[in-house]
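Thanks for sharing this one. Here are a few friendly notes to read alongside the coordinates, going from the whole chain to its main pocket.

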Amino acid sequence: MFDFSEEKNFRTYKAGETIFTVGERGYDMYAVIEGEVEIRLGSNYISTARENEVFGEMALIDQKDRTATAYAVKDSTVAVICEVRFRELLKNPDFSVDMMRVVSSRLRTEMRIKRELSHEASLRAVGISVAS
């Protein structure tokens, strides 16, 4: 993944602190410089972002509300990437490919979750109990 340590805009969060919440309007994406950030939808775990991994990119790209909540799992420092900086970074082919991989991974995860939920709903419909 791309090295974000040279970015200019950073924020720090204590373990347990919320970085953003589902439903908020997202104007930035983030890259973990140090620490660990967990992405959740309600009580459901989605993913963990570690050093040099990005999160929050979906709201920046599609200019929609946040689809999940991000929490600092450990004391964390993140680079804050605004849309102007994001567009600058996209001029770098390595960054662009990395971002395509991230978005592809997010889509695959969403598709897997939808398949699992659909399968559980089908089992319930025919009277088979499913552990939650």
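1. Starting with the surface, the protein chain exposes about 8400 Å², and carbon and sulfur atoms supply 52% of that area. Please keep in mind that this is a predicted model.

2. On overall dimensions, the C-alpha atoms fill a box of roughly 55 × 30 × 25 Å along the principal axes. The protein chain has 132 residues, of which 34% count as buried.

3. For the fold, I count three helices and eight strands in the protein chain. Read from the N terminus, the order is β-β-β-β-β-β-α-β-β-α-α.

4. How much of the contact set comes from residues 24 or more positions apart? Among contacts in the protein chain with a separation of 6 or more, such pairs account for 74%.

5. Now to the part you may want to look at on screen: the largest pocket holds about 910 Å³ of space. Its lining is made up of 33 residues, and those closest to the pocket centre are Ile 39, Ile 46, Ser 47, Thr 109 and Ile 113. Two or more lining residues come from each of β4 (37-41), β5 (44-49), β6 (54-55), α1 (57-62) and α3 (93-125).

6. Which element gives the largest share of that lining? That is α3, with twelve residues.

7. Lastly, the chemistry of the lining: the residues around the largest pocket divide into 15 nonpolar, eleven charged and seven polar.

Definitions and conventions
Residues numbered from 1 in each chain as written. Predicted model: local features only at pLDDT ≥ 70, side-chain atom pairs only at ≥ 80, totals over all residues. Heavy atoms only, no water. 1 Å grid on protein atoms, 1.4 Å probe; cavity = no way out; pocket = protein on both sides within 12 Å on 5 of 7 lines; lining within 4 Å. Points joined across faces, edges and corners; volume = space filled by probe spheres on them. Helix = DSSP H or I, 4+ residues; strand = E, 2+ residues; numbered from the N terminus. Nonpolar A, V, L, I, M, F, W, Y, C, P; charged D, E, K, R; others polar. Buried < 20%, exposed > 50% of the residue type's maximum accessible area, 1.4 Å probe, protein only. Contact = heavy atoms within 4.5 Å. Areas by Shrake-Rupley, 256 points an atom, 1.4 Å probe, with all protein chains shown as cover.
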